[in-house]
Amino acid sequence: MIICLANSKGGQGKSTAAIHLAAFFQKQAATLLVDSDHVRASLAWGREGKLPFDVVDESDQEAAMRRRRYDHVVLDTPGSIDPRGLKELAAGCNLMVLPAIPEAIAMDGLAYTLHHLKDTKADCRVLLNRVRHNRPKEATELRAALDAMGAKVFKTEIPDLAAFDKAAAQGVVVYDVNDPRAMRAWDAFEALGEEIMYG
Amino acid sequence: MGENKYARMAEIAQQLHGTEPEPAIASKRGRPPGKRSNPNFERLTVLVKKQTRKDAQRIWEDTEPGRDMSELVERLLVNFVRDHRENVRAVG
């Protein structure tokens, strides 16, 4: 399966989602994460070699895929991706995941991204990310707005938990973090992975 | 496709995912590389009772002929980690 993480607005948690989806798919079969973001957040996350899957930048993707068999490929993209790049990626992947943090300004970048994807046949779905448990209305309203636009939204929502920040700082998947909510954080991505695979 | 870098990424992923790796150019001499030279493995030294190791090795060789003790230890550790995570999840 080829999964692409994209959103024309940066800071929506694409790399966190990419890392954890890759960790989920690695449990099924060999998975490669390709980081094409200028910030190289995914590569930085994996710099200490503690991730259970391989991470490369786009210049090493072909060599990596010729060295080893990968059944799943996760593509992490920059927030500055242009409309043409978005369409090219959408056409080439099985699923495009658009992470979005429920907040008023998130809608602008998301609407722009969805606008440029509306004519593609790709399976594009919005992932409500970093949902704050004490402000559920934000997620409900964004979901309703997206439903009204005809956009597809994952049922699974990713909670806003400090365990993800700890995981990034330690260069590990969130289930390896010593945090009381680490497994709750991982459960959300497991639920997302299962929703992708089984609907 | 193939004109910009994103198209290229998707194209490579499509063409190569699920395909077997190209055979590495075989070196003409020496034994094939094993776990010692594989960066995904590391050496683990532990102390166990002699009789335990002896009993375990005998059973392992009978039930899984041709496999070394490293594979038994790897299997036990993988199961331990999985069980621990399931317990943590069940409690949390």
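How many of the 5 residues of β4(A) are buried, and what does that say about the strand's place in the structure? In this predicted model, 5 of the 5 residues of β4(A) are buried, so the strand is largely enclosed by the rest of the structure. The side chains of β4 (72-76) alternate in direction: His72(A), Val74(A) and Asp76(A) point one way, whereas Val73(A) and Leu75(A) point the other way, and all are buried.

The surroundings of β4(A) can be read from the sheet to which the strand belongs. Chain A has an open sheet of 7 strands in the order β3-β2-β4-β1-β5-β6-β7, and the pairing is parallel. At the edges stand β3 (54-57) and β7 (152-153) of chain A, each with a single partner strand, so one side of each is left without a neighbour in the sheet. Strands of a sheet pair through backbone hydrogen bonds, either parallel or antiparallel.

On one flank of β4(A) lies β1(A), which pairs with it in the parallel sense over 4 bridges, and here Leu5(A) stands opposite Asp76(A) of β4(A). With β2(A), β4(A) also runs parallel, and 5 bridges join the two strands. Along this pairing, Thr31(A) stands opposite His72(A) in β4(A), while Leu33(A) stands opposite Val74(A) in β4(A).

The strand β2(A) is itself mostly covered, since 5 of its 5 residues are buried. Its residues again point in two directions, with Thr31(A), Leu33(A) and Asp35(A) one way and Leu32(A) and Val34(A) the other way, and all of them are buried. β2(A) pairs in the parallel sense with the edge strand β3(A) over 4 bridges, and within that pairing Asp35(A) has Asp57(A) in β3(A) as its bridge partner.

At the opposite end of the strand order, β6(A), made of residues 124-128, pairs with β7(A) in the parallel sense over 2 bridges. The bridge partner of Arg125(A) in β7(A) is Lys152(A). Helix α1 of chain A, residues 14-26, packs on the sheet and touches β1, β2, β4, β5 (95-100) and β6 of chain A, and its direction makes about 175° with that of β4(A).

One residue of the loop between β6 and α6 (136-149) of chain A deserves separate attention, namely Arg130(A). Most residues other than glycine have a negative phi, and most peptide bonds are trans. The phi of Arg130(A), however, is near 50°, a positive value in a residue other than glycine. Although Arg130(A) is found in a loop, this residue counts as buried because it has 21 C-beta neighbours inside 10 Å, where the cut-off for burial is 20 or more.

Chain B has another make-up, with 3 helices and 0 strands, so that from the N terminus on its elements run α-α-α. Of the 92 residues of chain B, 7% count as buried.

Where does chain B meet chain A, and how many residues are in contact? In the interface, 22 residues of chain B are in contact with 28 residues of chain A. Both α1 (5-16) and α3 (69-91) of chain B supply at least two residues each to the side of chain B that touches chain A, and the largest share of that side, 10 residues, comes from α1(B). By class, the side of chain B that touches chain A has 10 nonpolar, 6 polar and 6 charged residues.

The geometry of α1(B) can be checked against its length: at 1.5 Å a residue, its 12 residues should span 16 Å, and its end C-alpha atoms are 16 Å apart, which agrees. The buried residues of this helix are Tyr6(B), Met9(B), Ala10(B), Ile12(B), Ala13(B) and Leu16(B). Seen down the axis of α1(B), these buried residues fall within an arc of 160°, so they line one face of the helix. An α-helix has 3.6 residues a turn, so residues three or four places apart point the same way.

The buried residues of α1(B) pack against elements of chain A, namely β1 (2-5), β2 (31-35), α3 (61-67), β4 (72-76) and α4 (83-92). The list thus includes β4(A), the strand whose 5 residues are buried, and β2(A), which is mostly covered as well. Beyond the helix, α1(B) is followed by Gly18(B), whose phi is positive, near 80°.

Technical notes. Residues numbered from 1 in each chain as written. Chains lettered and ligands numbered in written order. Predicted model: local features only at pLDDT ≥ 70, side-chain atom pairs only at ≥ 80, totals over all residues. Contact = placed C-beta atoms within 7 Å. Nonpolar A, V, L, I, M, F, W, Y, C, P; charged D, E, K, R; others polar. Expected span 1.5 Å × (residues − 1). Buried ≥ 20, exposed ≤ 12 C-beta atoms within 10 Å, placed from the backbone. Arc of directions from axis to C-beta. Pairing = 2+ DSSP bridges. Axes fitted to C-alpha atoms, helices over the stretch in contact; angles between N-to-C directions.
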